[in-house]
Amino acid sequence: LSPARFLIVEALDNDHELAPLLIRFSWHCCGTYDAEKKNGGSNGGTMRFEAERNDPENAGFEKALSLFEKVKAKHPDLLSFADLYVLGGYVAIEWTGGPHIPFSYGRVDYDDEKAKSVYGDLMCPFGDGKHNPHGSRLPAADMGRNQRCSMDAPKRLQEEPTISAIRKTFTRMGFNDRETVALILLGHQYV
């Protein structure tokens, strides 16, 4: 893993704004996991496929993808893209002063045939649109105000569509409310 870690650290040393991007990217790769279906998440390296890259929730990841393509080009047999995508988040957390996180590798990259057999023609873990109007399995940033309540209603009632969609999305991944709040708050405050 050292050669890949070295190249990621070198990129972080040259671009300090890269750390939060790599953490967000790693999370988005993992955030499609479905605990019931036992699919999605980082295994498969499906962020390489057009449908997942073009998910509006995944906007702005070009720099991260470019870095991982460079690492993979220099060390093609070291790790899968799926492993690199997760390792990037780990290294970014460590680089910013966070704890060392033991890394487990072994994720595989799906080829087109395998991706289609698991996810259909889109070749990525897309949702059914119940929790995100774009169809993504990732949580939508904002589902809009609850039109059934007045503007002077408590915020929790006004924001019920977004709260409900986020709760259902994180429940799908196997998180409870407490874990969801911790992940969202700490993830958006990091760095």
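This is a short selection-by-selection tour of the structure above, which is a predicted model.

**Stop 1: helix α1 and P3**

Start by selecting residues 2-14, which make up helix α1. Within α1, pick out P3. P3 is partly exposed, with a relative accessible area of 34%. Now add K74 to your selection: P3 and K74 lie 71 residues apart in sequence, yet their C-alpha atoms are 9.1 Å apart in space. Setting aside neighbours within four places in sequence, P3 is in contact with H75 and L78.

**Stop 2: R5**

Stay in helix α1 and move to R5. Is this arginine, R5, buried or exposed? R5 counts as buried, because its relative accessibility is 17% and the cut-off for buried is under 20%. Show the side chains of R5 and E94, and you will find a polar contact between them at 2.8 Å. To see what else surrounds R5, select L87, V91, E94, H100, I101 and F103; R5 touches these residues, not counting those up to four places away in sequence.

**Stop 3: where α1 meets α2**

Keep α1 on screen and add helix α2, residues 18-30. The axes of α1 and α2 come within 8 Å and cross at roughly 135°. The two helices, α1 and α2, are therefore oblique to each other. To see the contact itself, show I8, A11 and L12 on the α1 side, with L18, A19 and L22 on the α2 side. Colour the residues of this α1 and α2 contact by type and you get 6 nonpolar, no polar and no charged.

**Stop 4: the loop after α2**

Next, follow the chain out of α2 into the loop that leads to α3, residues 50-53, and stop at K37. With 55% relative accessibility, K37 counts as exposed. Add M173 to the view: K37 and M173 are 136 residues apart along the chain, while their C-alpha atoms are separated by 9.8 Å.

Then select K38, which is found in this loop between α2 and α3. K38 counts as exposed, at 62% relative accessibility. Check the backbone here too: phi of K38 is near 60°, a positive value in a residue other than glycine.

**Stop 5: where α4 meets α5**

Now select residues 62-74 for helix α4 and residues 81-95 for helix α5. At what angle do α4 and α5 pack? The angle is about 125°, with the axes 10 Å apart. That makes α4 oblique to α5. The crossing of α4 and α5 is right-handed. For the contact, show L65, F68, E69, V71 and K72 from α4, together with F81, L84, Y85 and G88 from α5. By type, the residues of the α4 and α5 contact divide into 6 nonpolar, 1 polar and 2 charged.

**Stop 6: M123**

Finish in the loop between α6 (112-119) and α7 (155-158), where you will find M123. Which sign does phi have at M123? Phi of M123 is positive, at about 65°, although M123 is not a glycine. M123 counts as buried, with a relative accessibility of 12%. For a last look, put M123 and K38 on screen in turn: M123 is buried, whereas K38 is exposed.

Definitions and conventions
Residues numbered from 1 in each chain as written. Predicted model: local features only at pLDDT ≥ 70, side-chain atom pairs only at ≥ 80, totals over all residues. Heavy atoms only, no water. Axes fitted to C-alpha atoms, helices over the stretch in contact; angles between N-to-C directions. Helix = DSSP H or I, 4+ residues; strand = E, 2+ residues; numbered from the N terminus. Parallel < 35°, antiparallel > 145°, perpendicular 65-115°, else oblique. Left-handed = near helix turned anticlockwise from the far one by under 90°. Contact = heavy atoms within 4.5 Å. Nonpolar A, V, L, I, M, F, W, Y, C, P; charged D, E, K, R; others polar. Buried < 20%, exposed > 50% of the residue type's maximum accessible area, 1.4 Å probe, protein only. Polar contact = N/O pair within 3.5 Å; in protein donor to acceptor, adjacent residues only side chain to side chain.
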